[in-house]
Structures are given as structure tokens and as C-alpha cells.
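Colleague: I'm new to this structure and would love a close look at a single part, the central sheet. Could you walk me through how its strands pair and what packs around them?

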Amino acid sequence: MLEPMINVVYPRRCPVCGDIVTPRGELACSSCKKNLTPIQEPRCKKCSKPVESEEAEYCLDCFKKRHKYIKGFALWLYDAGMKKSIADFKFHGRREYGEFYVSEIVKRFEKEILDIAPDALIPIPIHRSKLLRRGYNQAEILAKGIGKELEIPVLSHLLLRNKNTLPQKQLNDKERLKNLEQAFEFSEKEKERYNNHIHKVILIDDIYTTGSTIEACTNILIQNGINEIYFICVCIGKGY
Ligand SMILES: [Zn+2]
Ligand SMILES: [Zn+2]
């Protein structure tokens, strides 16, 4: 088969090793895919972080915090390899890596997503200044890719990020969450545009580590009458 011209002139780079993909035509090297750590059982029934034993229903974090979202899904462990991949995707202009992540998310979670039957996908917003610098919101690239594949509307402006928050080490968990919640804003106008028919959504982001961003966004959506919230991330940290 002839390769599309674009692949000949700009051969696709592998989101894992950063070199030209082998075999050509794939979204990532077949050997590199094997180096990623898929999230498998045993995992937390809430956030899906890997847990140590089958007996542990929840990770330490979910056990302690009682998140208000219903459930989350993630593809891979956020290990050294994924850290580099996501950093290139986010900060070094490799937005095409999103195609690989999207295709893997759809492959792995299509059934779960269709079972949830969300009214919309909501990318976690980034601040305008970051958007200008970066040129794109990586979470929006993911949401749009998934939305296109599975025909689900993507609402990129329902949540807005109006403040940049710095990590504030002197704050306790509760204060930190409150601080983070204040960085996000809900757009009533955007909800009205969809005739208020938004009840069940999936938040989309690249990484879930402490879960505080997803938690803050969940709380804001609930405060605004959107009660069923799930999330999907490309990578997640360990739950133990
Ligand atoms: Zn590779
Ligand atoms: Zn958990």
C-alpha cells in the first residue's frame, strides 16, 4: 500500500521512544507499546489506580477522600516512559501523539463509554495564558478525538480555568481543594446552549495523580446540577 505523502515527508514519531515509528504506518512502534504498563486488576474500584491486593477495594486515596465522581478509567501507569511521552505531547508540540492515546482509549474503553452513554465529554480546561503559549489544550485534543470516534459531543467551554494555581504546600488537603476549585468556573451560557440537557458527563484529562483536578472539576459540575460524573485519563499513578 502506498503511504500517504504526509508520512513520507514527515514520518510519524513514536509517542513512546520519540523515534520514527516502526513498522511505518502504525501510531507507535509495536515494540514500544509493550513497554507501557496497562492498568489491570487489581485496581481501585473508584479511580482505577493499581492497588496491591485483590482484597483492597479502594486505593488509599479513595478510601480516605470519598470522591464524588462515580468512576474513573485510565490506560497506563504514569511511569518514567509515560512521563516523557506526556511531557512531549503537552509541552513540546507533539500534539499528534494524541491520536495514539485516543485510539488506545477507544480500543480499551469503548464498551464502558457506550454503557455510560454520557451526554458530553468535558476536557479539563487549561488557563488562557497556557493555551496561548502551547497552542492547544492537550485534554481537548483527547476529548475531541474520542468524541469523533464515538459520536459524543465535546463541550470545551463548559468549564473554564480562570486562575493559574501554584502548588501551595502550606495548605492542607481541604484548603488546597478549595483553592483549586476557585481556579475553575462554570459557564451557564454553555449549558444553556445545550438546552440544559447535560446530566451525565465524562471528564477527560491526560494524567491523574493526586486526583485533585478531577475532584475540583467534579465538585463544580455537581454544584451546577450535573450530577453523574466519570473520568478517563491516559495515565494514572499508583494507588499504594
Ligand atoms: Zn517507539
Ligand atoms: Zn482510587
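Modeller: Strand 1 and strand 6 run parallel and are joined by 6 bridges; strands here are DSSP E runs of at least two residues, helices are H or I runs of at least four, and both are numbered from the N terminus. Two strands count as paired if DSSP finds at least two bridges between them. One bridge to follow by eye links tryptophan 76 to its partner in strand 6, cysteine 235.

Before going further, a word on what you are viewing. This is a predicted model, in which local features need pLDDT of at least 70 and side-chain atom pairs count only at pLDDT 80 or more, while totals for chains, interfaces and linings use all residues. Residues are numbered from 1 along each chain as its sequence is written, and chains are lettered from A and ligands numbered from 1 in the order in which they are written.

Now to the whole sheet. It is open and made of 4 strands in the order 1-6-5-2, with parallel pairing. Strand 1 and strand 2 are at the edges with a single partner strand each, so one side of each has no neighbour in the sheet. On average, neighbouring strands are turned by 20° against each other, direction ignored.

Two of the helices that pack on the sheet are worth finding next. Helix 4 touches strand 1, strand 5 and strand 6, and its direction makes about 110° with that of strand 5. Helix 7 touches strand 2, strand 5 and strand 6, at about 130° to the direction of strand 5. These angles run from 0 to 180 degrees between N-to-C directions, with axes fitted as lines to C-alpha atoms, for helices over the stretch in contact.

At the other edge, strand 2 pairs with strand 5 in the parallel sense over 4 bridges. There, leucine 121 stands opposite isoleucine 202 of strand 5. Strand 2 is covered on both faces: Ala120 and Ile122 are buried on one side, Leu121 and Pro123 on the other. A residue is called buried if 20 or more other C-beta atoms lie within 10 Å of its own, exposed if 12 or fewer, and partly exposed in between, with C-beta atoms placed from the backbone.

The sheet also feeds the largest nonpolar core, which has 59 residues; Val201, Leu203, Ile204 and Cys235 have the most contacts inside it. Such a core is a set of buried Ala, Val, Leu, Ile, Met, Phe, Trp, Tyr and Cys residues joined through C-beta atoms within 7 Å. Among the elements supplying at least two residues each are strand 1 (71-77), strand 2 (120-123), strand 5 (200-208) and strand 6 (228-236). Strand 6 gives the most, with 8 residues. For a single example, take leucine 203: beyond its neighbours within four places in sequence, leucine 203 is in contact with Ile122, Ile124, Ile214, Cys217, Ile229 and Phe231. Contact means that the C-beta atoms of two residues, placed from the backbone, lie within 7 Å.

Helix 5 belongs in this picture too. Its buried residues, including Tyr97, Phe100 and Ile113, pack against strand 1, helix 4, helix 7, strand 5 and strand 6.

One last residue to find is lysine 90, in helix 4. Lysine 90 counts as buried because it has 21 C-beta neighbours inside 10 Å. Leaving aside neighbours within four places in sequence, lysine 90 is in contact with Gln138 and Asp206.
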